[in-house]
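Biologist: I am new to this structure and should like to be guided through it. May we begin with the chain as a whole and then turn to its parts?

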Amino acid sequence: MYTDYTQGFEMLSQSQKTRKLMDDEYRDAETGLVFCSSCHTPRQSNCLGRYILPVPCRCQEEKDAREEAALREWNKRRRLDQLVEAGVTHKAYRDYTFDRDDGRNPEITEICRRYAEHFKEMKQLENGILFYGNAGKGKTFFACCIANALLDRGIPVLVTSLSYLVQNRMEAMRQEAYKINLDDFDCIVLDDIGIEKFSPTAANIVDEISLLKKPVIVTTNLNPMQLKDSQNENFRQYSRLVGLCGTKLLVDNGKSRLDIGNHKGRQAEKILRKR
Ligand SMILES: [Zn+2]
């Protein structure tokens, strides 16, 4: 085995000693080694004063590093594409990012940014956010800002609506679609709950989501007080989702409010509010 190695070195060394110069090389007078004409660093090294072995010159090393960085970037890009493909059910959700925030609700923006930044802690607390308030004031925008910030960091997020999930279940049952597996995601965003009447399938999905013990972010035009109406079967179902959100944010024209709901909401508040 040892002899094989030395023979290998010997042969490699011999071929290096006798190899022809390429157009961008010269032989250094002092060391006798082949040098790169561009960066003037050696492309050979003298090993143990006995073997001449090939090494990359500085510009070759830099080129390798650039190629590695490009490959890493490409892999990251591909992972993001896969996450978006798997988790974002309406492509428009991808357009809502913190970069496009018009600054109308600075307090909400700050809390949302901190939520995304401190997602690891929010996940440990299993704390989600309920965005509520009148239509068209930016609830979906903020929920998606958080989701996109997490996706961009490679965290799997499902951004969808309850009605889309119900439809997906139906289609999957008829084998017309791939069933979305809620367990594949670290965070679930349900946009605009409260618009549809509750079906048994919707109730099953809410059951599953409640058992996941993962942060759930919900947007609704309904008021949390309205949802407390226990006489209404629909509201009773929705209030189970609301119960998963320790942080409740009112989003309105320049008006915002952070309500602290339950215990995890109080824990989260320490993290989400800048002191
Ligand atoms: Zn070079």
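Modeller: A residue is called buried if 20 or more other C-beta atoms lie within 10 Å of its own. The model discussed here is predicted.

Biologist: What share of the residues of the chain counts as buried?

Modeller: The criterion just given is applied to the 275 residues of the chain. The share that counts as buried is 30%.

Biologist: What radius of gyration does the chain have, beside that of a compact globule of 275 residues?

Modeller: The C-alpha atoms fill a box of roughly 95 × 50 × 30 Å along the principal axes. A compact globule of 275 residues would have a radius of gyration near 19 Å. For the chain, the value is 29 Å.

Biologist: How far apart are the centres of domain 1 and domain 2?

Modeller: The domain assignment places domain 1 at residues 25-87 and domain 2 at residues 91-272. Six residues of domain 1 are in contact with ten residues of domain 2. On the side of domain 1 that touches domain 2 there are four nonpolar, one polar and one charged residues. Taken over C-alpha atoms, the separation of the two centres is 47 Å.

Biologist: Which helix gives the most residues to the largest nonpolar core?

Modeller: In soluble globular proteins, nonpolar side chains tend to be buried together. The largest nonpolar core here has 52 residues, of which Ala147, Val189 and Leu241 touch the most other members. With nine residues, the greatest contribution to this core comes from helix H5 (residues 139-152).

Biologist: Which residues does Leu241 touch, leaving aside those up to four places away in sequence?

Modeller: Leu241 is one of the three core residues that touch the most other members. Beyond four places in sequence, its contacts are Leu190, Ile193, Val206, Ile209, Val216 and Val218.

Biologist: Are the two faces of strand E5 covered or open?

Modeller: On one side of E5 (residues 129-132), Ile129 and Phe131 are buried. On the other side, Leu130 and Tyr132 are buried as well. Both faces are therefore, by the criterion of 20 or more C-beta atoms within 10 Å, lined by buried residues, and the strand is covered.

Biologist: Which residue of strand E9 stands opposite Ile129?

Modeller: E5 pairs in the parallel sense with strand E8 (residues 216-220) over four bridges, and the bridge partner of Ile129 in E8 is Ile217. Four bridges also join E5 to E9 (residues 247-252), and these two strands run parallel. In E9, the residue opposite Ile129 is Thr247.

Note on methods: Residues are numbered from 1 along each chain as its sequence is written. This is a predicted model: local features need pLDDT of at least 70, side-chain atom pairs count only at pLDDT 80 or more; totals for chains, interfaces and linings use all residues. The radius of gyration is taken over C-alpha atoms; the globule rule is 2.2 Å times the number of residues to the power 0.38. A residue is buried if 20 or more other C-beta atoms lie within 10 Å of its own, exposed if 12 or fewer, and partly exposed in between; C-beta atoms are placed from the backbone. A nonpolar core is a set of buried Ala, Val, Leu, Ile, Met, Phe, Trp, Tyr and Cys residues joined through C-beta atoms within 7 Å. Two residues are in contact if their C-beta atoms, placed from the backbone, lie within 7 Å. Domain bounds come from an automatic or database domain assignment. Ala, Val, Leu, Ile, Met, Phe, Trp, Tyr, Cys and Pro count as nonpolar, Asp, Glu, Lys and Arg as charged, and the others, Gly among them, as polar. Two strands pair if DSSP finds at least two bridges between them.
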